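Visitor: I would like to learn how to read a structure like this one, beginning with a single side chain and moving outward. Could you guide me through it?

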Amino acid sequence: LCSNMSHLGIFDEGAYADYVRVPSYRTHPLPDSVTDLAGAFIEPLSCAINFIDRSELKPGNSVVVLGGGSIGQMTIQVALASGAGQVILSEPVAKKRELALKLGAHAVIDPINENLVERVKELTDTKGVDIVIECVGVPATVSQMLNLVKRGGRCVLAGAPVKPVEMDFLPLWYGEVELVAAHATAWQFPRAMKLIENGSINVEAALESVVPFSEGVEALEKAYNSNEIGKLVIQHNS
């Protein structure tokens, strides 16, 4: 929340620069038991940890995750590792729904061919879930949050809404729902490494492929134009 925030790769040069200047206090030794490949996922996993921190999840809580991209898949796993009693994913891509089930999600919903609100109500005895975490940032999913959470529940806006969003705030007022935001990480890197190290989180499940540096631009273009491609790791060969 610093007014001089300096996320590497956002406000400062990132890893695609020829040289990267990193403050020493922002570096963390990678444990020998964590592979370099898994280490590449520490930042997005730290984001998922921040989302769960902001949700104030308590053991046994029910959770809906909106969006099954790599961040959504990690959020599912962190929610489960934090003791969530029921985790539901809403995701239109079948491949991502299948992955979520393999990672432990209790139910998945196709919001294109199913009525998301009705399905969540069915799965929660008409009450809605304790927590909704929005991991996409598009108006359609942002505006759905308040219709999925129960009275007294909590919604976390984790996706970046780059376009204006129209929402009916009456459910928020009527149900005394809390709506908070989560902007990337709050530097939970050591916790992320520990979760990988002890096997609580399978970060490589979100990996689509490892591509050589020479194919990096082409791979990124394909990922940009497809909503089915998972995380790419670009191999920098020395």
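Visitor: Which backbone oxygen does the side chain of Thr75 reach?

Guide: In this predicted model, the side chain of Thr75 reaches the backbone oxygen of Ile71, at 2.8 Å. Thr75 itself belongs to helix 3, which spans residues 70-81.

Visitor: Is Thr75 buried or exposed?

Guide: A residue counts as buried when its relative accessible area is under 20%. Thr75 has a relative accessible area of 0%, so Thr75 is buried.

Visitor: Which residues does Thr75 touch, leaving aside those up to four places away in sequence?

Guide: Thr75 touches Ala48, Phe51 and Ile52, and also Val65, Ile133 and Cys135. It helps to compare distance in sequence with distance in space: Thr75 and Cys47 are 28 residues apart in sequence, while their C-alpha atoms are 8.3 Å apart in space.

Visitor: Now to the strands: what is their order in the sheet?

Guide: The sheet is open and has 6 strands, which pair in parallel and follow the order 3-2-1-4-5-6. Strand 3 (107-109) and strand 6 (178-181) are the edge strands, and each of these pairs on one side only. From one strand to the next, the twist averages 20°.

Visitor: How many bridges join strand 2 to strand 3?

Guide: Strand 2, made of residues 86-90, runs parallel to strand 3 and is joined to it by 3 bridges. If you look for Ile88, you will find it opposite Ala107 in strand 3.

Visitor: Which strands does helix 2 touch as it packs on the sheet?

Guide: Helix 2 (residues 42-55) touches strand 4 (129-134), strand 5 (149-157) and strand 6, and its direction makes about 150° with that of strand 5. Helix 5 (residues 116-123) packs on the sheet as well, touching strand 1 (62-66), strand 2, strand 3 and strand 4, with a direction at about 165° to that of strand 3.

Visitor: At what angle do the axes of helix 2 and helix 8 cross?

Guide: The axes of helix 2 and helix 8 (residues 189-197) come within 8 Å and cross at roughly 105°. Angles from 65 to 115 degrees count as roughly perpendicular, and therefore helix 2 is roughly perpendicular to helix 8.

Visitor: Which residues meet there?

Guide: From helix 2 come Ile42, Glu43, Leu45, Ser46, Ile49 and Asp53, which meet Phe189, Arg191, Ala192, Met193, Leu195 and Ile196 in helix 8. Sorted by kind, the residues of this contact between helix 2 and helix 8 are 8 nonpolar, 1 polar and 3 charged.

Note on methods: Residues are numbered from 1 along each chain as its sequence is written. This is a predicted model: local features need pLDDT of at least 70, side-chain atom pairs count only at pLDDT 80 or more; totals for chains, interfaces and linings use all residues. Side-chain values use heavy atoms; hydrogens and water are left out. Helices (H or I, at least four residues) and strands (E, at least two) are DSSP runs, numbered from the N terminus. Buried means under 20% relative accessible area, exposed over 50%, partly exposed in between (1.4 Å probe, protein chains only). Contact means heavy atoms within 4.5 Å. A polar contact is a pair of N or O atoms within 3.5 Å; within protein, one must be able to donate a hydrogen and the other to accept it, and residues adjacent in sequence count only if both atoms are side-chain atoms. Two strands pair if DSSP finds at least two bridges between them. Axes are lines fitted to C-alpha atoms, for helices over the stretch in contact, and angles run from 0 to 180 degrees between N-to-C directions. Angles under 35 degrees count as roughly parallel, over 145 as roughly antiparallel, 65 to 115 as roughly perpendicular and the rest as oblique. Ala, Val, Leu, Ile, Met, Phe, Trp, Tyr, Cys and Pro count as nonpolar, Asp, Glu, Lys and Arg as charged, and the others, Gly among them, as polar.
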